[in-house]
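Hi everyone, thanks for coming. Let me put the structure up, and then I'll walk you through a few spots.

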Amino acid sequence: MSNHNIAGVIGSGTMGRGIAQIAATAGWQVVVYDNNTAAIEDSKSKLQKVLNRLVEKGKIDSSKQSNILNNITYASEIKGLADCSLVIEAIVENPEIKRSVFEELDRNVSKECIIASNTSSLSIASLASAVSIPERFIGIHFFNPVPLMKLAEIIPGIQTSQETTQTAKSIIDSWGKLTVMAKDTPGFIVNRVARPFYGEALRIYDEGIADMPTIDWAMKEIGGFRMGPFELMDFIGNDINYTVTETVFNAFFGDPRYRPSFTQKRMMEAGLLGRKTGKGYYDYSEGSQKPEPDTDEMHGHMIVDRIVAMLINEAADALHFGIASRDDIDIAMTTGVNYPKGLLKWADEIGIDRCVSLLDNLFNRYHEERYRCSPLLRDMVTEHSNFYQEESVNS
Ligand SMILES: NC(=O)c1ccc[n+]([C@@H]2O[C@H](COP(=O)([O-])OP(=O)(O)OC[C@H]3O[C@@H](n4cnc5c(N)ncnc54)[C@H](O)[C@@H]3O)[C@@H](O)[C@H]2O)c1
């Protein structure tokens, strides 16, 4: 018999712990299953610390803290998830291991239980085919750290039923997340549309157009981004960021638009991963000074225009191919990676014709597929339309 307010989480790591926290905060009973008992102990103490900090800051009181903790139980066997109505998997990003865990889970939960994966890069269709009723399988992609990041991408696979999609969406909404719907394509919304933020910055650096501090300065000071691309890659880790890029590139059958950079690959190979290793594009050791940027405004604008035009192109193409709606694409980028503006809204502000000419200039210069302009943007110029107003801009 499944209970409507019991959620299961598989994997007690970074993501699983955050998912358990938000579900328990929303009043759900949560069972966290992990096959590593040391990981469970570590997760418990980390959660305790996070909640202690929330109490210290006055965000929750101590009775709320005990409620949250009491709502969460831990299991070292998968059968502990038997009574759940929704199970979200957040274990290692390995398709074989995930599929075998889903096969086992399938035998241990009721037929009504919704089974979800928090995968960042695997197709939902491929994981759904591991369970006996793929109609009840769905992707629910949270962002790190889960309690702080508002966004969750909901990704039905081609087998997922509408009922599963609606139920999953309304549960995650009720946990306080902003949900967006995404098609089951590589990188979903955020990890696809954000690629040029890193890729084009690396390309500008590789061509010797600007150095890293200058690109970071321009993107923050002129572009309004919270972090520059190189600072952000160092923060995420060059291993993780490179792997996402390479995975998206391969998943798009080698589309040159997503081609990774040798510069970043070498950083990963050298173990210069960023903050976590003390050195990446920048040196994080004690007393080290960050190199000064060249703060020439015109040069800065050129850098921002180029990267933002590539981001807009990616967002427009995602809309063109029905990956997500206009609003969901803009919400995803402002809440999943904290962009200062929705990219499609930004395109309207810059002017669609200007976006197209920025992209065409790049294409004419390099003759590379990477710089092909989305047919949607081109059509919009012909039609004098923009993303947020149906009526003609020139009338
Ligand atoms: N970390 C992120 O920023 C992020 C963001 C979005 C999505 N994701 C996705 O979330 C998933 C988990 O990532 P993470 O960073 O939390 O990983 P993590 O390494 O922090 O935690 C994974 C946990 O899964 C457990 N585990 C491994 N194999 C298991 C098995 N067979 N059965 C039960 N438990 C098992 C491990 O003991 C570990 O505690 C991955 O699919 C990842 O792609 C991660």
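**Two crossing helices**

Okay, so this is a predicted model, and I'll begin with a pair of helices. Helix α9, residues 212-222, and helix α13, residues 297-320, have axes that come within 9 Å and cross at roughly 80°. That angle makes α9 roughly perpendicular to α13. Who meets whom there? On the α9 side we have Ile215, Trp217, Ala218, Met219, Glu221 and Ile222, and they meet Gly300, His301, Ile303, Val304 and Ile307 of α13. Sort the residues of that contact and you get 8 nonpolar, 2 polar and 1 charged.

Now over to the sheet. It's an open one with 8 strands, in the order β3-β2-β1-β4-β5-β6-β7-β8, and the pairing is mixed. β3 (72-75) and β8 (178-181) are at the edges with a single partner strand each, so one side of each has no neighbour in the sheet. On average, neighbouring strands are turned by 25° against each other, ignoring direction.

Let's zoom in on β6. With β7, residues 151-156, β6 pairs in the antiparallel sense over 5 bridges. Isoleucine 140 stands opposite isoleucine 154 in β7.

β6 covers residues 137-142, and glycine 139 sits in that strand. Is glycine 139 buried or exposed? Glycine 139 counts as buried, because it has 27 C-beta neighbours inside 10 Å. Leaving out residues up to four places away in sequence, glycine 139 touches Ala116, Ser117, Thr119, Ile124, Ile155, Gly157 and Asp184.

Last stop: helix α6, residues 162-174, lies across β4, β5, β6, β7 and β8, and runs at about 170° to β7.

How values were computed. Residues are numbered from 1 along each chain as its sequence is written. This is a predicted model: local features need pLDDT of at least 70, side-chain atom pairs count only at pLDDT 80 or more; totals for chains, interfaces and linings use all residues. Axes are lines fitted to C-alpha atoms, for helices over the stretch in contact, and angles run from 0 to 180 degrees between N-to-C directions. Helices (H or I, at least four residues) and strands (E, at least two) are DSSP runs, numbered from the N terminus. Angles under 35 degrees count as roughly parallel, over 145 as roughly antiparallel, 65 to 115 as roughly perpendicular and the rest as oblique. Two residues are in contact if their C-beta atoms, placed from the backbone, lie within 7 Å. Ala, Val, Leu, Ile, Met, Phe, Trp, Tyr, Cys and Pro count as nonpolar, Asp, Glu, Lys and Arg as charged, and the others, Gly among them, as polar. A residue is buried if 20 or more other C-beta atoms lie within 10 Å of its own, exposed if 12 or fewer, and partly exposed in between; C-beta atoms are placed from the backbone. Two strands pair if DSSP finds at least two bridges between them.
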